[in-house]
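These are my notebook entries from one session with a protein model. I set down in order what I looked up.

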Amino acid sequence: MRYRDGAAWSRLERTLGSSPLAEFKELVDGYAPVEINGHLHVMHPATRRWNLAEKIRSTSEAWSQVEWDEDEFEGDPRESLGVFELRFGDADGLIHIASTNRGETIFYALKGGQGAGTLFVENGEGEFFEYSMGFAEWLWRWLIGEEATGPGGAAYYPGPMALRDLPMTPEERPEVRYGPSRDVWRRPGPGLVGPRP
């Protein structure tokens, strides 16, 4: 069962003071709550378990407790956001949109990327990496094995993409669904190229 709940999105957007990326909302409504390739968790604002709004709130509270050094830390988002104090969970800061079971957290910054919006990925060790792209492009790069969560953060698995619905009850054991093979992409050298002819 897929969840398409405009009221849940409206409540979330009022709380955040902004709207998440349209492509992110489309992916969430079409697939979430879901685990992608055994690592990436994407939640939905209309579900009781795996609730995106609750995850944003709890993540924001946890990150707001961190005392940042005056000196810049690795990948400091403050410069890109043009702020002195790093905030979480609102339109002026970083909004949690996804995470991995490897400790990485993906944030959306509405005001990052010179106001065009951008993604920041925290690698689980307090280092932030900026990705000036939309969520769909970031996901594609993560799926094909690029280091989309910082140096050494590649997570490529050959074969088709695996999707597993996150269980709605403790007893539920959702099956894994598979998408098309990603092996049509080749790695000729340092970069990636499109599908084979």
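Entry 1, the sheet. I traced an open sheet of 8 strands in this predicted model. The strands run in the order β6-β5-β4-β3-β2-β1-β7-β8, and their pairing is antiparallel. I then asked why one side of β6 and of β8 is left without a neighbour in the sheet. Both β6 (128-131) and β8 (176-181) stand at the edges and have a single partner strand each, so one side of each stays without a neighbour. On average, neighbouring strands are turned by 25° against each other, direction ignored.

Entry 2, one strand pair. I looked up β1 (residues 34-36), which pairs with β2 in the antiparallel sense over 3 bridges. Within this topic I noted that V34 has V42 of β2 as its bridge partner.

Entry 3, a helix on the sheet. I found that α3 packs on the sheet, where it touches β3, β4 (105-109), β5 (118-122) and β6. The direction of α3 makes about 95° with that of β3.

Entry 4, the cores. Which residues have the most contacts inside the largest nonpolar core? I recorded V42, F135 and W138, in a core of 33 residues. Helix α5 (residues 135-143) gives the largest share of this core, 5 residues. Another core, of 9 residues, lies apart from it and includes L81, F88, L94 and F128.

Entry 5, V42 and helix α2. Neighbours within four places in sequence aside, I listed the contacts of V42, among them F24, L27, V28, A98 and L166. In helix α2 (residues 22-31), I noted F24, L27, V28, D29 and G30 as buried. The buried residues of α2 are covered by elements including α1 (6-16), β2 (40-42), α3 (52-64), β3 (95-100) and α5.

Entry 6, R78. Is R78 buried or exposed? The relative accessibility of R78 is 9%, and the cut-off for buried is under 20%, so R78 counts as buried. R78 lies in helix α4 (residues 77-81), and a polar contact of 2.7 Å joins its side chain to that of D76.

Entry 7, confidence. I noted a mean pLDDT of 83 for the chain, with 84% of its residues at 70 or more. Confidence is highest in β2, at a mean of 96, and lowest in α1, at 79. Over residues 186-197 pLDDT stays under 50, and the model has 19 contacts beyond four places in sequence for them. Predicted coordinates should not be read in detail where pLDDT is low.

Note on methods:
Residues numbered from 1 in each chain as written. Predicted model: local features only at pLDDT ≥ 70, side-chain atom pairs only at ≥ 80, totals over all residues. Heavy atoms only, no water. Helix = DSSP H or I, 4+ residues; strand = E, 2+ residues; numbered from the N terminus. Buried < 20%, exposed > 50% of the residue type's maximum accessible area, 1.4 Å probe, protein only. Polar contact = N/O pair within 3.5 Å; in protein donor to acceptor, adjacent residues only side chain to side chain. Core = buried A, V, L, I, M, F, W, Y, C linked by side-chain atoms within 4.5 Å. Contact = heavy atoms within 4.5 Å. Pairing = 2+ DSSP bridges. Axes fitted to C-alpha atoms, helices over the stretch in contact; angles between N-to-C directions. pLDDT = per-residue confidence, 0-100.
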